[in-house]
Structures are given as C-alpha cells and as structure tokens.
Amino acid sequence: GPVVRLTDVRKTYDLGGTVEALAGVSLSLADGSYTAVMGPSGSGKSTLLNLVGALDTPTDGTVEVAGNDLGAATDDERAAIRGTEIGFVFQTFNLLPRSDAVENVALPLVFAGWSRERRHERATELLDRVGLGDRRHHRPTQLSGGQRQRVAIARALAPDPAVVLADEPTGNVDTETGAGVMNLLAAANDRGTTILLVTHSREIAEHADRIVTVRDGRRESTEELGGHTATG
Ligand code: ADP
Ligand code: ADP
C-alpha cells in the first residue's frame, strides 16, 4: 500500500474561535513517489506537513505512515515513528550549532538506537553522498547556507526513512544553491525515497511527479508531471 495515507483529515485549532486548518483532505503517497504541495499562505500546508510528520494529530480522519495509524499511537510511539520513518528538511536547516556535521547527521540514529560506531559510519557515508565528506568536522557556522542544507538532507536520509518531508527547503539559499539542494532531493527520490515537498515556488514544485494545490484547507487541484506513479 501507500507509504503515507491521509483519509478525510480535518484539523481545527481552538483559540477563542475555531479555525479549520484542514477541512477534509485525503492524500496517498505511493512508495517512491515525489509530491509537491502548493497553495496560498494559510491554506493548511504546514498543518498537513505537521500531521504527516507525527508532530500533531488530526481532529478527525486518519493519518497513516508506513502502516502506522498516527492518531491511534501514543506519544512515545509517535516519537519512535518520527525517529525512524520520517526525515525532515526545514527552510531554516535546524542544525545543532555546537555539533559538527557528522554529529548532526548522526543525531536521528541516536534516537533510533544505533551504536556509536555504526552512527559515525552511516553519517560519514551520507556526508560523502551529499558532497561534504571533507567538511564532516565543520560546525554549522563554518558552513555556507547551501552546505548547511546539504547536511540537513543527509540527516533526513540517515535512518533511511519511509518519507522525507521538505518545507521550503530552498527558502534560505540563493537560486543556484537551491538547484543543488533540489538535485539532492531528486537523487534521494531516484534511490527510492518518498518525498513530500511544500513550496510557494512553481519552479521548485516542478521537480516533483505531481503538484497538489490546497486552498482553504481542501485539495483544490492535482497535476501529474510524469516520473514515477503517485496515487490518490
Ligand atoms: P508557511 O507556508 O510555511 O506557513 P508562510 O505562509 O508564513 O509560510 O509564508 C512563508 C513566506 O512565503 C512568507 O515570507 C510569505 O510572505 C511568503 N508567501 C506566502 N504566500 C506566498 C505565495 N502565494 N507566493 C509567494 N510567496 C508567498
Ligand atoms: P500554510 O502553511 O498554508 O500557510 P497553515 O497550515 O500554517 O497554512 O495554517 C492554516 C490555518 O490554520 C491558518 O488559518 C492558520 O492561522 C491556522 N493555524 C495554523 N497553526 C495554528 C496553531 N498552532 N494555532 C492556531 N491556528 C493555527
């Protein structure tokens, strides 16, 4: 079945009044597919990503990742799923400032229970893959924005997650560097990693196999761009 499946997902926030961030969204990500989500500010994109990323739970409907029903899981189970099945790439990189590249990439593997030696080996392999083998002992402040994002992508891929969630991954780097970042995500997708990307940029979204547009918490349209087959 699909790696990620949302079924009739509704999410409301109660702050005095009720805001309906998602108003009934269904979405399936086939294994190895690459989906971009676009939509205006406030349309529910971040809410969708937070639900798939096991950072929050739906008000109604179900969110399944790698066969796990996230709404039915305990907080500990959700944390474990987050650590092993989900990779995050953020606009602001979110690297640990006092840790070097190897330690940053190895961090998810600490949560996944890997031994120190295997963590180091895996992190080194991934830093080589993103072209930063010679920067492995640099801290984030000693790296450019593009290099930081490459470390973040290596970190996201470290546990070989079922899905990588990328939220405006090129938002803080220049266009040329952004192209390199998008090439790394495409390479990960070519190796079989399922990707869910949120972006405001049509040009960036066109790296995906399909573009899903959301508006007012609902799916507005779906555009297939070829490549692998994405479902529903
Ligand atoms: P998020 O979608 O992650 O919640 P925001 O909606 O706050 O982020 O938008 C992030 C940045 O993108 C802001 O600087 C905002 O002004 C800009 N932005 C928002 N909507 C659009 C859009 N439709 N097209 C281009 N830029 C946008
Ligand atoms: P987008 O990422 O497309 O900009 P969001 O998912 O951030 O959209 O927001 C969708 C709606 O939900 C907006 O009206 C936003 O103000 C609201 N919202 C998002 N997160 C929260 C929250 N933590 N508390 C209250 N309202 C929220």
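# Briefing: strands, helices and two ligand sites

Four bridges join strand E3 (residues 34-38) to strand E8 (residues 194-198), and the two strands run parallel. The structure is a predicted model. This briefing starts with E3, moves to the loop and helix after it, and then covers the two ligands and the remaining sheet and helix.

**Strand E3 and its neighbours**

- Within the pairing of E3 and E8, Val37 has Val198 as its bridge partner in E8.
- E3 also pairs with strand E9 (residues 210-215), again in the parallel sense and over four bridges.
- In that second pairing, Ile211 of E9 stands opposite Ala36.
- Strand E3 is mostly covered, with five of its five residues buried.
- In a regular strand, side chains alternate between the two faces of the sheet.
- On one side of E3 are Tyr34, Ala36 and Met38, and on the other are Thr35 and Val37; these residues are all buried, and both faces of the strand are covered.

**Ser43, in the loop after E3**

- Ser43 sits in the loop between E3 and H1.
- Is Ser43 buried or exposed? Its relative accessibility is 2%, and the cut-off for buried is under 20%, so Ser43 counts as buried.
- A polar atom of the Ser43 side chain lies 2.6 Å from the backbone oxygen of Pro40.
- Leaving aside residues up to four places away in sequence, Ser43 touches Ala21, Val214, Arg215, Asp216 and Gly217.

**Helix H1**

- Six of the eight residues of H1 are buried, so the helix is largely enclosed by the rest of the structure.
- The buried residues in H1 are Lys45, Thr47, Leu48, Leu49, Leu51 and Val52.
- An α-helix has 3.6 residues a turn, so residues three or four places apart point the same way.
- After H1 comes Ala54, which has a positive phi, near 60°.

**Ligand 2**

- Which residues surround ligand 2? They are Tyr13, Leu15, Val19, Ala21, Pro40, Ser41, Gly42, Ser43, Gly44, Lys45, Ser46 and Thr47.
- By type, the shell around ligand 2 divides into five nonpolar residues, six polar and one charged.
- Strand E1 (4-15), strand E2 (17-29) and helix H1 (45-52) each supply at least two residues of this shell.
- H1 gives the largest share of the shell around ligand 2, three residues.
- Two contacts of ligand 2 involve the protein backbone: an oxygen atom of the ligand is 2.7 Å from a polar backbone atom of Gly42, and a backbone N or O atom of Ser43 lies 3.1 Å from an oxygen atom of the ligand.
- A side chain takes part as well, with an N or O atom of Thr47 lying 2.6 Å from an oxygen atom of ligand 2.
- On its own, ligand 2 has 560 Å² of accessible area, and the protein covers 63% of it.

**Ligand 1**

- The residues around ligand 1 are Ser41, Lys45, Ser46 and His200.
- This shell divides into no nonpolar residues, three polar and one charged.
- A polar side-chain atom of Ser41 is 2.4 Å from an oxygen atom of ligand 1.
- The side chain of Ser46 has an N or O atom 3.2 Å from an oxygen atom of ligand 1.
- In the side chain of His200, an N or O atom lies 3.2 Å from a nitrogen atom of ligand 1.
- Ligand 1 exposes 550 Å² when taken alone, and the protein buries 40% of that.

**The antiparallel sheet**

- Strands of a sheet pair through backbone hydrogen bonds, either parallel or antiparallel.
- An open sheet is formed by four strands in the order E2-E1-E4-E5, and the pairing is antiparallel.
- Which strands lie at the edge of this sheet? The edge strands are E2 and E5, and each pairs on one side only.
- Strand E4 (residues 60-65) pairs with E5 in the antiparallel sense over two bridges.
- Val65 stands opposite Asn68, a residue of E5.

**Helix H2**

- Helix H2 (residues 75-85) has as its buried residues Arg78, Ile81 and Gly83.
- The cover over these buried residues of H2 includes strand E5 (68-69), strand E6 (86-90) and helix H3 (101-111).

Technical notes: Residues numbered from 1 in each chain as written. Chains lettered and ligands numbered in written order. Predicted model: local features only at pLDDT ≥ 70, side-chain atom pairs only at ≥ 80, totals over all residues. Heavy atoms only, no water. Buried < 20%, exposed > 50% of the residue type's maximum accessible area, 1.4 Å probe, protein only. Pairing = 2+ DSSP bridges. Near = heavy atom within 4 Å. Polar contact = N/O pair within 3.5 Å; in protein donor to acceptor, adjacent residues only side chain to side chain. Areas by Shrake-Rupley, 256 points an atom, 1.4 Å probe, with all protein chains shown as cover. Nonpolar A, V, L, I, M, F, W, Y, C, P; charged D, E, K, R; others polar. Contact = heavy atoms within 4.5 Å.
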